[in-house]
Amino acid sequence: MNSISLKLNADPLILSALREDISSEDVSTNAVMPVAVLGQVQLIAKQAGIIAGLSVFERVFYLLDSASKCTFNVKDGDKVEKGQLLGTVTGDIRVLLSGERTALNYLQRMSGIATCANETARLLEGTKIKLLDTRKTTPNNRIFEKYAVTVGGGANHRYNLSDGVLLKDNHIDAAGGVGKAIKAAKDYAPFVRKIEVEVETLQQVQEAVEAGADIIMLDNMSHSDMEEAMKIINGRAEVEVSGNVTKENIAKLADLGVDYISSGALTHSAPILDLSLKHLKRI
C-alpha cells in the first residue's frame with residue numbers, strides 16, 4: 001500500500017482498531033513501563049507462507065508514535081519460512097507493547113489471505129483464468145483484505161456496490177427476469193460500466209446472451225451445465241464461475257475455458273499466518 005492510500009483510507013480504520021484496544025490506557029504497559037525507554041523487538045514467522053501488510057503493520061506503530069521505526073528483511077509477496085526473522089521494530093517500549101496486538105492482527109490476517117490466494121492461484125497456472133475475490137470480507141477490513149488477495153496472486157472483483165453492475169438472483173427477481181434486469185441496468189448505468197449478471201440455469205444463460213450482458217456469471221451450476229453454457233455463450237460475453245469455490249475444488253473448473261473464477265473463501269475462510277513479536281529488549 002502506498003502512503004497516500006494509507007493516509008486517506010487506512011489510517012482512520014487503523015486508528016479505530018487502536019481505540020478498540022486502548023479505550024483509555026494500556027494498564028499493563030503503564031504499570032511496568034511508567035516512562036519512555038527506547039527498545040527493540042523482533043518480528044518472527046512461526047509458520048511458512050506469503051507475507052502481506054508490512055506497511056499496515058508499520059503504520060500502527062507510527063500512528064502511536066511517529067518516532068517508531070520498522071526495519072524489514074522481506075517485502076510484501078515474499079515467501080517466508082518458519083522461524084525466519086522478518087524484521088525489527090524500534091521505539092518507545094510503551095508503544096511497542098501497546099501496538100503489538102493490533103499490528104500483528106493486521107499482518108497475520110493479511111498474510112493468511114495472501115497465502116491462501118497464492119495457493120489457490122497456483123492451481124490455475126497454465127490457463128488464462130483470472131482468480132477473483134468477492135465482497136465477502138470482514139466489515140471495515142475490505143481495503144486490507146482485497147489488497148492481500150492481490151499480493152498473493154489473485155485479482156480484485158468490484159470493490160463495493162458503487163464500483164460496478166452485478167445483477168444477482170434477488171436483483172433479477174426484483175426486476176422480473178434476466179432480460180428486464182439487464183435492460184434496466186443498461187438504461188440506468190453509465191455507458192462506461194460493464195454489466196455482469198448472475199445466472200443459475202441454461203435458460204437464464206440464453207436470456208443473458210440475448211439481452212447483451214457483458215459478463216455472465218455461472219453460479220453454482222453443474223460441470224456439465226457449465227460446459228453447455230459455454231457453448232451457448234460462444235464468446236459473446238466474458239464468463240465467470242462462482243459458487244463455493246475453494247482451493248480443494250478449483251482445479252476441476254480449469255478445463256471450462258472461462259475467463260474468471262471467483263472465490264469468497266479467499267477472504268472469508270483464510271486462516272491467519274502465525275507471526276510473533278519476540279525478544280523485546282532495551283537499547
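**Figure 1. Surroundings of Gln108 in the predicted model.** Gln108 is placed in helix α4 of a structure that is a predicted model. With a relative accessibility of 7%, Gln108 counts as buried, because buried means under 20% relative accessible area. Leaving out residues up to four places away in sequence, Gln108 touches Arg101, Ile272, Leu273, Asp274 and Leu275. Of these partners, Leu275 falls within strand β12, which covers residues 275–282.

**Figure 2. Packing of helix α4 against helix α5.** Helix α4 runs over residues 93–122 and helix α5 over residues 142–152; their axes are 7 Å apart and make an angle of about 40°. That angle makes α4 oblique to α5. The crossing of α4 past α5 is right-handed. On the α4 side, the contact is formed by Tyr106, Arg109, Met110, Ile113, Ala114, Ala117 and Asn118. On the α5 side, it is formed by Phe144, Glu145, Tyr147, Ala148, Val149, Val151 and Gly152. Sorted by class, the residues of this α4 and α5 contact are 10 nonpolar, 2 polar and 2 charged.

**Figure 3. Packing of helix α1 against helix α3.** The pair consists of helix α1, residues 3–21, and helix α3, residues 54–64. Their axes lie 10 Å apart and the packing angle is about 65°. Helices α1 and α3 are therefore roughly perpendicular to each other, because angles of 65 to 115 degrees are placed in that class. In passing α3, α1 makes a right-handed crossing. Leu6, Lys7, Asp11, Ile14, Leu15 and Leu18 are the contact residues of α1. They meet Ser55, Val56, Arg59, Val60, Leu63 and Leu64 of α3. The contact of α1 with α3 comprises 8 nonpolar, 1 polar and 3 charged residues.

**Figure 4. Ser16 in helix α1 and its separation from Asn140.** Ser16 is also located in helix α1. Its relative accessibility is 42%, so Ser16 counts as partly exposed. Ser16 and Asn140 are 124 residues apart along the chain. The C-alpha atoms of Ser16 and Asn140 are separated by 9.7 Å.

**Figure 5. Packing of helix α8 against helix α9.** Helix α8 spans residues 202–211 and helix α9 spans residues 223–233. The two axes come within 10 Å and cross at roughly 20°. This crossing angle makes α8 roughly parallel to α9. The crossing of the α8 and α9 pair is right-handed. From α8, the residues in contact are Leu202, Val205, Gln206 and Val209. From α9, they are Asp225, Glu228, Ala229, Ile232 and Ile233. By class, the contact of α8 with α9 holds 6 nonpolar, 1 polar and 2 charged residues.

**Figure 6. Two residues with positive phi, Asn244 and His279.** Most residues other than glycine have a negative phi. Asn244 is not a glycine, yet its phi is positive, at about 55°. Asn244 sits in the loop that joins β10 (238–242) and β11 (260–262). Asn244 has 66% relative accessibility and so counts as exposed. His279 is likewise not a glycine and has a positive phi of about 60°. Unlike a loop residue, His279 lies in a strand, namely β12, residues 275–282. The relative accessible area of His279 is 54%, so His279 is exposed.

**Figure 7. The protein chain as context for the close-ups.** The protein chain contains 10 helices and 12 strands. Its C-alpha trace spans about 70 × 35 × 25 Å along the principal axes. Of the 283 residues in the protein chain, 48% are buried; Gln108, at 7% relative accessibility, is one of the residues that count as buried. The protein chain exposes about 14100 Å², and 49% of this area is supplied by carbon and sulfur atoms. Among contacts in the protein chain with a separation of 6 or more, 70% are between residues 24 or more positions apart.

How values were computed
Residues numbered from 1 in each chain as written. Predicted model: local features only at pLDDT ≥ 70, side-chain atom pairs only at ≥ 80, totals over all residues. Heavy atoms only, no water. Axes fitted to C-alpha atoms, helices over the stretch in contact; angles between N-to-C directions. Helix = DSSP H or I, 4+ residues; strand = E, 2+ residues; numbered from the N terminus. Parallel < 35°, antiparallel > 145°, perpendicular 65-115°, else oblique. Left-handed = near helix turned anticlockwise from the far one by under 90°. Contact = heavy atoms within 4.5 Å. Nonpolar A, V, L, I, M, F, W, Y, C, P; charged D, E, K, R; others polar. Buried < 20%, exposed > 50% of the residue type's maximum accessible area, 1.4 Å probe, protein only. Areas by Shrake-Rupley, 256 points an atom, 1.4 Å probe, with all protein chains shown as cover.
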